[in-house]
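Subject: Handing over a structure

Hi there,

I am passing this structure on to you, and I hope you enjoy looking through it. Please open it first; my notes on what turned up follow below.

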Amino acid sequence: MPDSAPAGGLDAFIAGLPKAELHVHHVGSASPRIVAELAARHPDSAVPADPAALADYFSFRDFAHFIDVYLSVVDLIRDAEDVRLLTFEVARDMARQNVRYAELTVTPYSSTRRGIPDRDFMAAIEDARKAAEAELGVTLRWCFDIPGEAGLASAEETLRLAVDLRPEGLVSFGLGGPEIGVPRPQFKPYFDRARAAGLHSVPHAGETTGPETIWDALRELGAERIGHGTSAVRDPRLLDHLAEHRIPLEVCPTSNIATRAVATLDEHPIRQMVEAGVLVTVNSDDPPMFGTDLNTEYAVAARLLELDHLGVAGLAKNAVEASFLDAPGKARLAAEIDAYAAAWH
Ligand SMILES: [Zn+2]
């Protein structure tokens, strides 16, 4: 039932709602504020350190410009202190939105390949994770993802970092980068070994390619959740499979528009996914780079799904259910969401 309260009422509800986020990238979460801090540490960089100039730098003209900006931020992550600063400050931006738990997708290969020693990298993210939990009340877990465009050498290296140097906060193994021209089945041996080591499988699939890629992710990579899965709606049998096996989709509406995976928000298939009985979670992907944040994504989803505040609380609970929190952690966060929703007027 649509909420009869004014839209501002729902936005305020979303802002205070305790939330979990399952699909958000580490470097892709660097807000202009964080980039300014990193740029100030590296004055030789082309990235402006002045926040006003950065706002302009961050207004994307097109997707190619997004890639340029993304890579220039990657270029600012040069030592372990940059990694620690980025990670802790990303958690600070999450805390401001009442994100209580996040599985952050980290691509360690981009940093170790650039010369940050692997053990220093792990120590930096773990130090930030513990500080975020103690000082900000945000619980972070890691998904280490293979940058698919970097080929099988990057898969081998990501697996080595995940299994041999496994940080305490690591829960899952992912696969990102372009899907076109990067078939999922070639990564099967790496996912097999990661899963044998107890890591969950959460590849991106079906964002820019059809449902066959999602089937590949399920059959070849043992996917337990699907990153995006936008094209699943083109295959009713696949939707049934996802619903029946309770395999969640990590839906990122604004990202799908920014990358042109979907033409307009009104054409976003999230409603078909929900109506098919699929466990849908709402996420922000690379939020500052797509001009969004998790609260905005919840507002978008509420509009597309015509949800009232209890419906929005239900979405937040979907994310808790789909997370890799342990059972007591899930129960605690779900109870917090219920208590917040029950107290809302
Ligand atoms: Zn992503």
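**Cavities**

The structure, which is a predicted model, holds two cavities of 30 Å³ or more. The largest of them contains about 90 Å³ of space. If you would like to find this largest cavity on screen, select the residues that line it: His26, Val27, Val74, Ile77, Val83, Val106, Thr107, Ser110, Ser111, Arg114 and Phe121.

**The zinc site**

Which protein residues hold the zinc ion as donors? They are His23, His25 and His204, each through NE2, together with Asp285 through OD. These donors lie 2.1 to 2.3 Å from the zinc ion. Along the chain, their spacing reads H-x1-H-x178-H-x80-D.

The angles among the four donor atoms run from 85 to 172°, and the site is irregular. The reason lies in the upper end of that range: four donors count as tetrahedral only if all angles lie between 85 and 135 degrees, and the angles here go up to 172°. As background, the ideal angle for four tetrahedral donors is 109.5 degrees.

Are His23 and His25 buried or exposed? His23 has a relative accessibility of 2%, and His25 has a relative accessible area of 10%. Both count as buried, because the cut-off for that class is under 20%.

**An open sheet**

Next comes an open sheet of four strands, in the order S6-S7-S8-S9 and with parallel pairing. Its edges are strand S6 (204-205) and strand S9 (280-282); each has a single partner strand, so one side of each has no neighbour in the sheet. Strand S7 (residues 226-228) pairs with strand S8 (residues 249-251) in the parallel sense, over two bridges. To see how S7 and S8 line up, look at Ile226, whose bridge partner in S8 is Leu249.

**Aromatic pairs**

How many aromatic pairs are there? The count comes to four. One of them joins Phe173 and Phe191, an edge-to-face pair with 5.0 Å from centre to centre and 70° between the planes. This pair links distant parts of the chain, as Phe173 sits in strand S4 (residues 170-176) and Phe191 in helix H9 (residues 188-196), 18 residues apart. Phe173 is buried at 0% relative accessibility, and Phe191 is buried at 1%.

Another pair is made by Tyr340 and Trp344, with ring centres 5.9 Å apart. Their planes stand at 35°, so this pair counts as tilted. Trp344 is partly exposed, with a relative accessible area of 27%. Ring pairs also bring in Phe13, which forms a cluster with Tyr340 and Trp344.

**Two residues with positive phi**

Finally, here are two loop residues to look up. Asn98 is not a glycine, yet its phi is positive, at about 60°. You will find Asn98 in the loop between helix H5 (80-96) and strand S2 (99-106), where Asn98 is partly exposed with a relative accessible area of 30%.

Glu306 is not a glycine either, and its phi is positive at about 50°. Glu306 belongs to the loop between helix H14 (294-305) and helix H15 (309-322). With a relative accessible area of 45%, Glu306 is partly exposed.

Happy exploring, and do write back with any questions.

Best wishes

How values were computed:
Residues numbered from 1 in each chain as written. Predicted model: local features only at pLDDT ≥ 70, side-chain atom pairs only at ≥ 80, totals over all residues. Heavy atoms only, no water. Donors = N, O, S within 2.8 Å, 3.2 Å for Na, K, Ca; no water. Tetrahedral: all angles 85-135°; square planar, octahedral: opposite > 155°, others 65-115°. Buried < 20%, exposed > 50% of the residue type's maximum accessible area, 1.4 Å probe, protein only. Pairing = 2+ DSSP bridges. Phe/Tyr/Trp six-rings, centres within 6.5 Å; stacked < 30°, edge-to-face > 60°. 1 Å grid on protein atoms, 1.4 Å probe; cavity = no way out; pocket = protein on both sides within 12 Å on 5 of 7 lines; lining within 4 Å. Points joined across faces, edges and corners; volume = space filled by probe spheres on them.
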